[in-house]
Amino acid sequence: MNLKNFGYFIKEALISMSRNRVLSLATVTTMAICILFLGVAVLLTINAGNFMNQLESDIQMIAYLDDALTDNELQAIESVIKDTAGVQEVTFVPKEEALQRLQAKFSEEDYDLQQTLGKNPLPNSFEIKAVNPQEVAQVAQVIGEIPGIYKVNYGQGVVERLFQVTKWVRILSIVFMVILALGAIFLIATTIRLAIFSRRKEIYLMKLIGATDWFVRWPFFIEGILIGVIGALIAIGLLSGGYTSLINNAQTALFFIPLVSQQSILIQVYLALAAVGVSLGTIGTYISINRFLNV
Amino acid sequence: MLVQFYNVTKVYSNGVKALNDVSLKIDQGEFIFLMGPSGAGKSTFIKMLFREEKPTQGQIFISSRSIVRMKRGEVPYLRRSMGVVFQDFKLLENKTVAENIAFAMKVVGASNREIAVRTAEVIGMVGLTGKENSFPGQLSGGEQQRVGIARAIANRPLLLIADEPSGNLDMDTATGIMDLLYDINRKGTTVVMATHARELVRDAGKRIITLEAGRVVSDLCTLE
């Protein structure tokens with residue numbers, strides 16, 4: 001493509017967009033709606049993933065220790081746990097602290113737990129986090145066999161169910177996103193095909209006169225790219241506006257769901273959506289136009 | 001020799017045999033009428049010339065080049081040596097007369113200056129000076145066909161192909177169009193024109209190729 005023609009192609013694309021205003025508007029709207037939905041799906045997926053990660057990272061094991069262990073023995077056990085495969089973090093919780101925490105839960109009732117109980121019945125313990133929360137059961141079993149530890153709790157039963165839930169949330173949100181993406185491609189390709197179909201006579205003529213395939217394609221591509229960019233910008237504008245106000249207003253009400261709000265992630269999402277818009281415009285045009293070039 | 005057909009047969013995918021063992025030659029500068037009833041293969045013959053269709057069997061040479069073996073990428077350059085005039089004109093309704101012609105020149109990469117000069121020239125040749133900025137919808141059928149012809153000759157083709165150019169026009173208008181085509185032919189362009197209109201052909205004194213059921217049944221300078 002030489003530069004002389006490039007100006008012509010852009011001019012042709014703009015003329016055709018303004019002459020086929022209704023179709024261009026329809027395509028831009030379709031594109032914007034598709035990208036908007038896709039963006040919502042992406043944000044949902046990211047947030048769902050983030051929320052699930054957070055839920056899982058809250059999982060920890062508590063290893064209860066036998067009474068009457070010496071300080072040296074405690075330290076030895078701690079280093080054995082630290083060396084266990086899959087362990088990320090170990091924190092020692094002395095029995096006094098455990099009692100204080102328990103006391104804290106009863107603080108409103110204003111009575112002295114220790115006095116009531118006479119002595120501290122709670123054991124010393126280690127709080128342990130696994131590198132991979134999914135492996136918590138196996139790690140707990142290994143730690144449970146260390147001498148001096150009489151029991152390991154990690155929320156047996158509940159954790160397994162949580163993992164079921166997080167697995168399905170992840171799968172469903174990705175399936176949702178893929179379905180939307182396929183729908184968007186189909187819808188956009190159809191709309192572009194309609195726009196090109198209305199100009200098949202022009203394309204046929206160009207081919208009979210002796211236009212090369214690329215000479216015919218370029219104006220359509222530029223149009224497709226412009227439509228993709230405009231559609232994506234509209235969608236991104238709506239999406240970022242909506243999401244920002246969601247973060248600002250709903251975060252207090254939905255405090256238990258940690259909304260992803262790092263600008264760097266969001267900007268990546270928006271840039272990706274813009275790229276999706278341009279690619280959908282280009283791919284949609286490419287697929288649709290080739291059938292009419294076969295003259 | 002401009003056009004050579006050697007034993008050309010065309011069978012469409014639906015089984016219709018549109019051309020059956022056609023062999024003929026067309027010299028540079030000839031004016032040829034292609035006659036025959038509907039379905040005789042005229043349109044297929046014409047589509048072969050600019051390679052919209054390829055033969056099922058046989059060979060076609062244009063300016064001594066096989067257009068059967070031609071690569072897809074070379075087809076545009078073949079077509080630039082031809083101009084096509086259609087029965088239904090095929091003008092772009094949203095472009096003016098001048099723009100319709102300029103469009104054809106732009107497609108083949110002419111510069112804006114060349115386009116301006118040549119567009120005015122061909123509009124003059126077909127007698128439409130003053131209507132440069134009219135849209136096709138504002139013109140009569142005969143005038144629209146003149147635009148079609150102007151577009152077809154804008155790139156100075158060696159071969160002008162006209163598929164029923166007067167099919168949609170009344171007799172007087174058709175005669176005017178014929179005069180224009182003869183004029184173009186006199187200036188050296190080979191013309192191949194498919195038509196039903198015996199009254200246009202009868203006294204022209206040109207070569208007449210008659211097709212029937214896909215075969216050449218006569219190739220004479222008079223109408224049988």
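# Notebook: chains A and B of a predicted model

I began with the place where the chains meet, and I find that 14 residues of chain B are in contact with 13 residues of chain A. Looking up which elements of chain B take part, I note that α2 (75-79) and α3 (97-107) each supply at least two residues of the side that touches chain A. Sorted by class, that side of chain B has eight nonpolar, one polar and five charged residues. I keep in mind throughout that this is a predicted model.

**Chain B, overall**

I count seven helices and 10 strands in chain B, and of its 224 residues 42% are buried. Of the contacts in chain B with a separation of 6 or more, 69% are between residues 24 or more positions apart.

**Chain B, α3 and its helix partners**

Since α3(B) contributes to the side that touches chain A, I looked up what else this helix packs against. I took α4 (residues 112-125) to begin with: its axis and that of α3(B) are 10 Å apart, and the two helices pack at an angle of about 125°. Angles that fall in none of the ranges for parallel, antiparallel or perpendicular count as oblique, and α3(B) and α4(B) are therefore oblique to each other. The crossing in which α3(B) passes α4(B) is right-handed. On the α3(B) side I list Val97(B), Ala98(B), Ile101(B), Ala102(B), Met105(B) and Lys106(B), and on the α4(B) side Glu114(B), Ile115(B), Arg118(B), Thr119(B), Val122(B) and Ile123(B). By class, the residues of this contact are eight nonpolar, one polar and three charged.

I then turned to α5 (residues 141-153) of chain B, whose axis comes within 8 Å of that of α3(B), the two crossing at roughly 25°. Angles under 35 degrees count as roughly parallel, and this is therefore how α3(B) and α5(B) stand to each other: roughly parallel. Their crossing is right-handed. Here α3(B) brings Val97(B), Asn100(B), Ile101(B) and Ala104(B), while α5(B) brings Val147(B), Ala150(B) and Arg151(B). I sort the residues of this contact into five nonpolar, one polar and one charged. Reading the two lists together, I see that Val97(B) and Ile101(B) appear in the contact with α4(B) and also in the contact with α5(B).

**Chain B, α1 and β6**

For helix α1 (residues 42-49) of chain B I asked how much of it is covered, and since six of its eight residues are buried, the helix is largely enclosed by the rest of the structure. The buried residues are Lys42(B), Thr44(B), Phe45(B), Ile46(B), Met48(B) and Leu49(B). After α1(B) comes Arg51(B), for which I note a positive phi, near 55°.

In strand β6 (residues 82-85) of chain B, Met82(B) and Val84(B) point one way and Gly83(B) and Val85(B) the other way, and all of them are buried. Strand β6(B) runs parallel to β7 (residues 159-163) of chain B and is joined to it by four bridges, with Gly83(B) standing opposite Leu160(B).

**Chain A**

Chain A has 10 helices and four strands, and I read its elements from the N terminus as α-α-β-α-β-α-α-β-α-β-α-α-α-α. Of its 295 residues, 26% are buried. Among the contacts between residues at least 6 apart in sequence, 88% join residues at least 24 apart.

I traced the four strands as an open, antiparallel sheet in the order β2-β3-β1-β4. The edge strands are β2 (87-93) and β4 (149-153), each of which has a single partner, so one side of each is left without a neighbour in the sheet. From one strand to the next the twist averages 20°. The pairing of β1 (residues 61-65) of chain A with β4(A) is antiparallel over four bridges, and in it I find Ile62(A) partnered with Asn153(A). Helix α3 (residues 71-83) of chain A lies across β1, β2, β3 (125-130) and β4 of chain A, and it runs at about 160° to β2(A).

My last entry concerns Gln54(A), which lies in helix α2 (residues 21-57) of chain A. I wanted to know whether this residue is buried or exposed. Gln54(A) has 12 other C-beta atoms within 10 Å, and it is therefore exposed, the cut-off for that being 12 or fewer. Its C-alpha atom is separated by 8.3 Å from that of Pro258(A), which stands 204 residues apart from Gln54(A) along the chain.

Technical notes
Residues numbered from 1 in each chain as written. Chains lettered and ligands numbered in written order. Predicted model: local features only at pLDDT ≥ 70, side-chain atom pairs only at ≥ 80, totals over all residues. Buried ≥ 20, exposed ≤ 12 C-beta atoms within 10 Å, placed from the backbone. Contact = placed C-beta atoms within 7 Å. Nonpolar A, V, L, I, M, F, W, Y, C, P; charged D, E, K, R; others polar. Axes fitted to C-alpha atoms, helices over the stretch in contact; angles between N-to-C directions. Parallel < 35°, antiparallel > 145°, perpendicular 65-115°, else oblique. Left-handed = near helix turned anticlockwise from the far one by under 90°. Pairing = 2+ DSSP bridges.
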